[in-house]
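This report describes the fold of one protein chain. It covers the two sheets, a loop residue and the nonpolar core.

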Amino acid sequence: MKHFVMGLLLVLAQVAGAQELNLGLKLDAKGKRPEKVMVQGRVDRTVWLGVSFYPYGTKNVLLEGTHQVIQVPAGRFEHGFQVADRLLGGGVEVALWEKKVPAAQCSGPCEWCQRNGYHLENQILYIYGSLAQSAGRAGK
Ligand SMILES: [Zn+2]
């Protein structure tokens, strides 16, 4: 019985320490197109937030994507990213990672390091979203 209680407490602690990642879109003032990608979440230690944008029809994510990495300290976070016209109809990838490894410490060969000077390791959470343009209410 004692063991059972201990196990239960352990599970509760893991849930309390859970990482959280949310992806949202904000429409522009006219309500016509997604203007901003909002990334929110909560982490219990310092992690890396990777955000990648892909134009519609992207075939090579490494070459055609726009990649950004932000260090996120423990606690709640929120970041907004403008959606450029060329990205409408494209996609966005958002992920939390435990480690950012500089190219000098990469045991490669690694395409990411060759191109960006780093790579990310140990993914914690991942979301993919579509930047579809709203058809609006105008209709016929
Ligand atoms: Zn690498």
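Val-37 stands opposite Phe-81 in β5. This pair belongs to the contact between β2, residues 34–43, and β5, two antiparallel strands joined by 8 bridges. Farther along β2, Gly-41 has Phe-77 of β5 as its bridge partner. The model is a predicted one.

**Overall layout**

The protein chain contains 3 helices and 7 strands. Read from the N terminus, the order of elements is α-β-β-β-α-β-β-β-α-β. Of the 140 residues in the protein chain, 15% are buried. Among contacts between residues at least 6 apart in sequence, 65% join residues at least 24 apart.

**The sheet of 3 strands**

β2 and β5 are part of an open sheet of 3 strands, ordered β1-β2-β5 and paired in antiparallel fashion. Its edge strands are β1 (20–27) and β5 (75–82), and each of them pairs on one side only. From one strand to the next, the twist averages 15°.

On its other side, β2 runs antiparallel to β1, and 8 bridges join the two. Within this pairing, Asn-22 has Gln-40 in β2 as its bridge partner. β1 and β2 form a hairpin with 6 residues between the strands. Gly-31 lies in the turn of that hairpin and has a positive phi of about 70°.

**The sheet of 4 strands**

A further open sheet has 4 strands in the order β4-β3-β6-β7, again with antiparallel pairing. β4 (66–72) and β7 (118–130) stand at its edges; each has a single partner strand, so one side of each is left without a neighbour in the sheet. Neighbouring strands of this sheet are turned against each other by 25° on average, direction ignored.

β6 and β7 run antiparallel and are joined by 11 bridges. One of the residue pairs here is Lys-99 with Glu-121 in β7.

The bridge partners named for the two sheets are collected below.

| Residue | Partner | Strand of the partner |
|---|---|---|
| Val-37 | Phe-81 | β5 |
| Gly-41 | Phe-77 | β5 |
| Asn-22 | Gln-40 | β2 |
| Lys-99 | Glu-121 | β7 |

**The loop after β6**

Between β6 (91–102) and α3 (111–116) runs a loop that holds Gln-105. Is Gln-105 buried or exposed? Gln-105 is exposed, because 12 other C-beta atoms lie within 10 Å of its own, and a residue counts as exposed at 12 or fewer. The C-alpha atom of Gln-105 is separated by 9.9 Å from that of His-119, a residue 14 places away along the chain.

**The nonpolar core**

The largest nonpolar core has 16 residues. Those with the most contacts inside this core are Val-47, Trp-48, Leu-49, Val-72, Val-92, Leu-96 and Trp-97. Which elements give two or more residues to the core? They are β2, β3 (47–54) and β6. The most comes from β3, which gives 5 residues.

Val-47 is one of the core residues with the most contacts. Leaving aside residues up to four places away in sequence, Val-47 touches Val-72, Leu-96, Trp-97, Glu-98 and Ile-124. Among these partners, Val-72, Leu-96 and Trp-97 are also listed with the most contacts inside the core.

Methods. Residues are numbered from 1 along each chain as its sequence is written. This is a predicted model: local features need pLDDT of at least 70, side-chain atom pairs count only at pLDDT 80 or more; totals for chains, interfaces and linings use all residues. A residue is buried if 20 or more other C-beta atoms lie within 10 Å of its own, exposed if 12 or fewer, and partly exposed in between; C-beta atoms are placed from the backbone. Two residues are in contact if their C-beta atoms, placed from the backbone, lie within 7 Å. Two strands pair if DSSP finds at least two bridges between them. Axes are lines fitted to C-alpha atoms, for helices over the stretch in contact, and angles run from 0 to 180 degrees between N-to-C directions. A nonpolar core is a set of buried Ala, Val, Leu, Ile, Met, Phe, Trp, Tyr and Cys residues joined through C-beta atoms within 7 Å.
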